[in-house]
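Me: I've got this one open on my screen and I'd like a close look at a single part, the sheet. Could you walk me through how the strands are laid out and what sits against them?

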Amino acid sequence: MNKNRDHDQLFKTLIRQFFGEFLRLFFAAWATRFDLEHVEWLEKEVLPNPPDGSRHLLDLVAKLRAKEPVVSHASNATENWLVLVHIEIESADRTTAIKPRLPSYYIHLRDRFGLPVLPIVIYLKVGLDGVGVDIIEEKFWELPVLVFRYLYVGLPGLDAVQYLESDNRLGVALSALMKIPKDQIRVLRN
C-alpha cells in the first residue's frame with residue numbers, strides 16, 4: 001500500500017475523531033460559530049464530469065449546524081443554518097498540486113448540496129504562515145476572473161513548543177510535524 005495513502009488515512013481518522021478540537025485549536029473564532037456536537041460526515045466522492053469524467057475522492061466533508069445563519073449564493077441568497085466544512089489533507093511538499101482542484105471541489109459541493117462550504121487545507125509538509133487564509137487567483141491577462149480563498153494550517157510553519165504545552169490533545173499529537181525553534185531544542189532535551 002502507498003505510504004502517502006496510509007498517512008492520509010491516519011490523518012483523516014484523526015481529524016474526524018477530533019474535529020471540534022481541530023477547529024478550536026486552529027480556527028477558534030470559526031469554531032464558536034458552529035454546533036460541533038452534531039456532525040454528519042458525508043460521502044466524499046466527486047464526479048465532476050460523469051459518466052466518463054475523472055473521479056476524485058474528497059478527504060473529509062462535514063455537515064453541521066451553524067449558530068448563526070449564513071447567506072449563500074448557492075441557495076439564492078437565503079439564510080442557511082446548515083453548512084459544509086470541507087477539509088483536504090495535503091502531504092505533498094508544495095501547494096501547487098491541490099490548488100487547481102480546490103475551486104472545482106467547492107463548486108461541486110455547493111451545487112450538489114445547496115449549502116455554504118468552508119474550505120480548509122491541512123498541509124503536512126508546507127508551512128506557509130502556519131495558520132491563515134490563502135488565495136487562488138486565475139487571470140485572463142490582467143483581469144482576475146476567479147479569486148478563491150480558503151483557510152489553511154501549515155503544520156511545519158507552527159511552533160511545536162506552543163502546541164506541546166497546550167491542553168488540546170490534538171495539538172500535542174500534531175506538534176510532531178511542527179518546527180522546534182533552535183533556542184528551544186535544548187530545553188526540550190533536558
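Reply: Here's a walk through the sheet, then the helices on it, then a surface patch. Bear in mind that this is a predicted model, where local features need pLDDT of at least 70, side-chain atom pairs count only at pLDDT 80 or more, and totals for chains, interfaces and linings use all residues. Numbering starts from 1 along each chain as its sequence is written, and side-chain values use heavy atoms, with hydrogens and water left out.

The sheet is open, with six strands in the order E1-E4-E5-E6-E8-E7 and mixed pairing. Strands are DSSP runs of E, at least two residues, and helices are runs of H or I, at least four, numbered from the N terminus; two strands pair if DSSP finds at least two bridges between them. E1 (34-41) and E7 (131-140) are at the edges with a single partner strand each, so one side of each has no neighbour in the sheet. From one strand to the next, the twist averages 35 degrees. Axes are lines fitted to C-alpha atoms (for helices, over the stretch in contact), and angles run from 0 to 180 degrees between N-to-C directions.

Further in, E6 (117-123) and E8 (143-154) run parallel, joined by four bridges, and Val-121 stands opposite Tyr-152 in E8.

Now the helices, where contact means heavy atoms within 4.5 Å. H2 (19-26) lies across E1, E4, E5, E6, E7 and E8, at about 135 degrees to E1. H4 (102-113) lies across E4, E5, E6, E7 and E8, at about 150 degrees to E5.

Finally, Trp-141 sits in the loop between E7 and E8 and is exposed, with a relative accessible area of 72% (exposed means over 50%, using a 1.4 Å probe and protein chains only).

Conventions:
Buried < 20%, exposed > 50% of the residue type's maximum accessible area, 1.4 Å probe, protein only.
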